[in-house]
Amino acid sequence: MSDFYDALETRDPETRETDLLKALRAQVIHAKAKAPAYGRLLADVEADSLQSRADLAGLPVTRKADLTRLQAEEPPFGGYAAVAPGQAGRIFVSPGPIYELEDRESDYGRMARALFAAGFRAGEIVHNSFAYHLTPGGWILDAGARRLGCAVVPAGVGASDQQAQAIAHLRPAGWCGTPDFLKVILDKGAELGLDLSSLTKALVSGGALFPSLRQEYAERGVAVRQCYATAELGLVAYETPTEEGMVVDEGVILEIVRPGTGDPVPEGEVGEVVVTSLNPAYPLLRFATGDLSAVLHGPSPCGRTNMRIKGWMGRADQTAKVKGQFVHPEQVAAVVKRHPELSKARLEIDRKGESDVMVLRCEAEGASAGLAERVVESLLAETRMRGEVELCTPGGLPNDGKVIDDRRRYD
């Protein structure tokens, strides 16, 4: 039996990149023709000009944080869907509210790949505790398991006693849900004196899987892997048995950019996850998730050759209010772009006495005379507030993805 879901996972990286860029060009043509928002955003973009990742980085970013407003202005999907609402397979409502669709493809979220990497196999029963009500999580995992050839128990959330009883009776091998809810069910089973030992594997998402919790599950006989997915994109990346980062899914193009911009960061630097989906029904191009991660060097030891990321490392939205005015990461990025000597900046906000103070710390290579003073003026021009500027050498700032570090305490 193969250790891989399909041959795509072990492609030569150059072949994969060629294939992805070809698919990107086709997706741009499709999106311009079928999705009104992209018809406007990409009006001046020629698909044939997209020959590299650097060319992709020139396309505009669509932010998840803007979807509520965009969908209100142009219902129901903000002009980003490439199919009419009645042609969708399902339409979901997520908090925001944000409305998402899936088409009638049997594994719309491409989750079978992550389930296979987590050890799920055809002919097994899968107990799915992701929510099915309005939101897409339950349906995404359900479709992936069925594509893999598994039977699914659509358990949803809550009712831990009933779920434990169903597991004891039906004897599923696998479980899907949020990382902490599995413990709730296992503990309920122990409380009720039920045998839940049929569960030997789990795929979790939607929250942090802390090492101590993973170890507890292992001690209870359940090997737990995690995946990174969103309602809009489906699967983005997934763990393999080596548990060394997450391998990027074959159906997306992933970038890590400096928060508040669309500018890619060097390998290993923490930044915002931006994903281009190759889904024809909802062709999101350079979709900024608001999540932080970083690229890991080299391929996975498991043999899969796609890019790896560290997994979820926090949120990129670092907007802060200073002296009654909002300061955004985009403004910090604009300051950096005004000065070629600067490579990176971090705005630190604190209190001095009863006043807010800002210090912009900047990495600079070979700073010219008067650079700090000029940056002070740029900070004032971009934020309408004055702050101090401190220069440091490249590598002097923390690699944590923060562009705005709000150090004020309110307790």
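## Exercises on pockets, cores and cavities

The largest pocket has a lining of 37 residues, and Ser-205, Gly-206, Gly-207, Tyr-228 and Ala-229 lie nearest its centre. The model is a predicted one.

**Exercise 1.** Describe the largest pocket by volume, by contributing elements and by residue class.

*Solution.* Start with the volume, which is about 970 Å³. Next, assign the lining to secondary structure: β3, α6 (137-148), α9 (211-219) and β8 (223-230) each give at least two residues. Of these, β8 supplies the largest share, five residues. Finally, sort the lining by class: 17 residues are nonpolar, eleven are polar and nine are charged.

**Exercise 2.** Repeat the description for the second largest pocket, and state which residues are closest to its centre.

*Solution.* The volume of the second largest pocket is about 510 Å³. Its lining holds 24 residues, with Glu-17, Arg-53, Glu-267, Val-295 and Met-307 the closest to the centre. Two or more lining residues come from each of α1, β11 and β14 (295-296). The most come from β11, with five residues. By class, the lining of this pocket divides into 14 nonpolar, four polar and six charged residues.

**Exercise 3.** Locate the largest nonpolar core and name the members that touch the most other members.

*Solution.* As background, nonpolar side chains in soluble globular proteins tend to be buried together. Here the largest nonpolar core has 43 residues, and those touching the most other members are Tyr-38, Leu-101, Leu-254 and Tyr-282. At least two core residues come from each of the helices α1 (13-34), α2 (36-41) and α4 (67-73), and from each of the strands β3 (98-102), β9 (234-238), β10 (246-248), β11 (252-257) and β12 (271-277). The largest share, five residues, belongs to α1. Apart from this core there is a second, separate one of 23 residues, with Val-327, Val-335, Leu-342 and Cys-362 among its members.

Now take Leu-254 as a single case. Beyond its neighbours within four places in sequence, Leu-254 is in contact with Arg-53, Val-236, Val-248, Val-273, Val-274, Val-275, Met-307 and Ile-309. Two of these contacts, Arg-53 and Met-307, also appear among the residues closest to the centre of the second largest pocket.

**Exercise 4.** How many cavities of 30 Å³ or more are there, and what lines them?

*Solution.* The count is two. The largest cavity encloses about 60 Å³ of space. Its lining consists of Arg-258, Pro-259, Val-265, Glu-269, Val-270, Lys-344, Ala-345, Gly-401, Lys-402 and Val-403. Sorted by class, that lining has five nonpolar, one polar and four charged residues.

The second largest cavity holds about 50 Å³. It is lined by Arg-258, Pro-259, Thr-261, Val-332, Ala-333, Val-336, Lys-344, Ala-345 and Val-403. Comparing the two lists, Arg-258, Pro-259, Lys-344, Ala-345 and Val-403 occur in both. For the second largest cavity, α10 (329-337) and β18 (342-352) each supply at least two lining residues, and α10 gives the most, with three. The classes in this lining are six nonpolar, one polar and two charged.

**Exercise 5.** Which residues of α10 are buried, and against which elements do they pack?

*Solution.* The buried residues of α10 are Pro-329, Gln-331, Val-332, Ala-333, Val-335 and Val-336. They pack against β17, β18, β19 (355-364), α11 (371-383) and β21 (404-406). Among them, Val-332, Ala-333 and Val-336 also line the second largest cavity, while Val-335 is a member of the second nonpolar core.

**Exercise 6.** Is Arg-214 buried or exposed, and what does it touch?

*Solution.* Arg-214 sits in helix α9. Its relative accessibility is 16%, so Arg-214 counts as buried, the cut-off being under 20%. Setting aside residues up to four places away in sequence, Arg-214 touches Leu-209, Val-224, Arg-225, Gln-226, Glu-239 and Glu-243.

**Exercise 7.** Place Lys-323 in the fold and relate it to Val-270.

*Solution.* Lys-323 belongs to the loop between β16 (320-322) and β17 (325-327). Outside its neighbours within four places in sequence, Lys-323 is in contact with Asp-356 and Met-385. Lys-323 and Val-270 are 53 residues apart in sequence, and their C-alpha atoms are 29 Å apart in space.

**Exercise 8.** What does the UniProt record place at residues 149-277, and how is that span built?

*Solution.* The unreviewed UniProt entry gives "domain: AMP-dependent synthetase/ligase" for residues 149-277. In the model, this span is 25% helix and 32% strand, and its end C-alpha atoms lie 25 Å apart.

Definitions and conventions
Residues numbered from 1 in each chain as written. Predicted model: local features only at pLDDT ≥ 70, side-chain atom pairs only at ≥ 80, totals over all residues. Heavy atoms only, no water. Core = buried A, V, L, I, M, F, W, Y, C linked by side-chain atoms within 4.5 Å. Buried < 20%, exposed > 50% of the residue type's maximum accessible area, 1.4 Å probe, protein only. Helix = DSSP H or I, 4+ residues; strand = E, 2+ residues; numbered from the N terminus. Contact = heavy atoms within 4.5 Å. 1 Å grid on protein atoms, 1.4 Å probe; cavity = no way out; pocket = protein on both sides within 12 Å on 5 of 7 lines; lining within 4 Å. Points joined across faces, edges and corners; volume = space filled by probe spheres on them. Nonpolar A, V, L, I, M, F, W, Y, C, P; charged D, E, K, R; others polar. UniProt positions renumbered as here; feature names shortened; annotations may be inferred.
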